[in-house]
Amino acid sequence: MATGLVLAAFNLGPAISGLGPVLAEARADLGMSGAVAGLLTSIPALCFGRFGVAAPRLARRFGLAAISAGLALRALDGSAALFLVTTALALAGIAVGNVLMPVLVKRYFPDRVGAMTGLYSAGFAAGTALAAALTIPVASAAGGWRVGLAVWSASAGLALLPWAVVALRAGRDRREAPSVPEAARPPGRGSGERLPSLARSRTARSLAVLFGLQATAAYVTLGCVPQIFRDAGVSASTAGLLLAVIMGSARRSGSSCRGSPPACAGRARWSPPSASAAWPGTPGWGWPPAAGAWAWAWAVLPGVANCAFPWP
């Protein structure tokens, strides 16, 4: 089960981080306008908002299968519209996976929530960074940006295997388990007992704002920063490596004693330094990147500012 969680988390990032380094080539090949390219980089947020809330209902039909299919299909020769649709398909699966990951951790590892959250966060960071760093080299070696993106569909397909085993075992257990009388079932939807609304919780609203802003910064970084570096005179392959540094810095700073999920598990609240970890993003975004050694120094600042991205 732990292997399945890590493999699933590994595939929640490549569909997004692999696109930024080859966005210029994709635009030129597909004839995308600036407006369409902007829509492409905003698809993650749109899909997360639309499909994330429906994750429990979509879990059996989407998830890793949608990621693998979307990544494979968007490598086909076609129009910008087809590329947008297939990208949305892959991101719909990512949205479902992002929502379900904490649920799966609590279900299968209730006594190791902190450690397992840290483990799948590490898997997510590794997949995101590797896709950013390797998409351009793979595309150069294999003959085009389409192959560089499509190769990650194989990774998502591989991650399906352990979950297929889990699904088969769960189906067998359901068939063999005795039926539970209605009166013995826990309260929930349809039981006549109203569950508390998260919208009324001040903590829930605060967390929604925190992670909404954090996600905005993260997906702007994933979608736009590689092209910003390229416009500053950095090569495509180096821009991909710099994006990998940003995502790696986010993971490293998020793994500090104050911010890592294992360290935060069981705490009543986060410490003030954890809540203020985003401050390096202000000089980072206010100071345009340049080529040379300064590019590597700049890459660390947005990475530290994104350190809360794995915390949910």
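This briefing describes the fold of one protein chain, the packing of two of its helices, and the surroundings of four buried residues. The model is predicted. Its chain of 312 residues contains 15 helices and 0 strands.

**The chain as a whole**

- Of the 312 residues, 44% count as buried.
- The chain exposes about 15,900 Å² of surface, and carbon and sulfur atoms supply 64% of that area.
- Contacts often link distant parts of the sequence: among those between residues at least 6 apart, 77% join residues at least 24 apart.

**The packing of helices α7 and α8**

- Two packed helices are described by the angle between their axes and the distance between the axes.
- Helix α7 covers residues 80–108 and helix α8 covers residues 113–142; their axes come within 9 Å and cross at roughly 140 degrees.
- The crossing of α7 and α8 is right-handed.
- On the side of α7, the contact is made by Met101, Pro102, Val105 and Lys106, while α8 contributes Val113, Met116, Thr117 and Tyr120.
- By type, the residues of this contact divide into 6 nonpolar, 1 polar and 1 charged.

**Asn11, between α1 and α2**

- Asn11 lies in the loop that joins α1 (2–10) to α2 (14–17).
- Asn11 has a relative accessible area of 2%, which is under the 20% cut-off, and therefore counts as buried.
- A polar atom of the Asn11 side chain lies 2.7 Å from the backbone oxygen of Leu7.
- The side chain of Asn11 also has a polar atom 3.0 Å from the backbone nitrogen of Ala156.
- Leaving out residues up to four places away in sequence, Asn11 touches Leu64, Ile67, Ile94, Trp152, Ser155, Ala156 and Ala159.

**Val22, between α2 and α3**

- Val22 is placed in the loop between α2 and α3 (23–30).
- With a relative accessible area of 1%, Val22 is buried.
- When residues up to four places away in sequence are not counted, Val22 touches Thr135, Ile136, Trp145, Leu149 and Arg230.
- Val22 and Ala239 are 217 residues apart in sequence, yet their C-alpha atoms are 9.7 Å apart in space.

**Arg74, between α6 and α7**

- Arg74 is found in the loop between α6 (64–73) and α7.
- Although arginine counts as a charged residue, Arg74 is buried, at 2% relative accessibility.
- The backbone oxygen of Ala15 lies 3.0 Å from a polar atom of the Arg74 side chain.
- Beyond its neighbours within four places in sequence, Arg74 is in contact with Ala15, Leu19, Phe83, Thr86, Thr87, Arg146 and Leu149.
- One of these partners, Arg146, is 72 residues from Arg74 along the chain, and the two C-alpha atoms are separated by 7.8 Å.
- Leu149 is in contact with Arg74 and is also touched by Val22.

**Thr128, within α8**

- Thr128 belongs to helix α8.
- The relative accessible area of Thr128 is 1%, and the residue is buried.
- Apart from neighbours within four places in sequence, Thr128 is in contact with Gly13, Ser17, Leu222 and Met247.

Technical notes. Residues numbered from 1 in each chain as written. Predicted model: local features only at pLDDT ≥ 70, side-chain atom pairs only at ≥ 80, totals over all residues. Heavy atoms only, no water. Axes fitted to C-alpha atoms, helices over the stretch in contact; angles between N-to-C directions. Helix = DSSP H or I, 4+ residues; strand = E, 2+ residues; numbered from the N terminus. Left-handed = near helix turned anticlockwise from the far one by under 90°. Contact = heavy atoms within 4.5 Å. Buried < 20%, exposed > 50% of the residue type's maximum accessible area, 1.4 Å probe, protein only. Polar contact = N/O pair within 3.5 Å; in protein donor to acceptor, adjacent residues only side chain to side chain. Areas by Shrake-Rupley, 256 points an atom, 1.4 Å probe, with all protein chains shown as cover.
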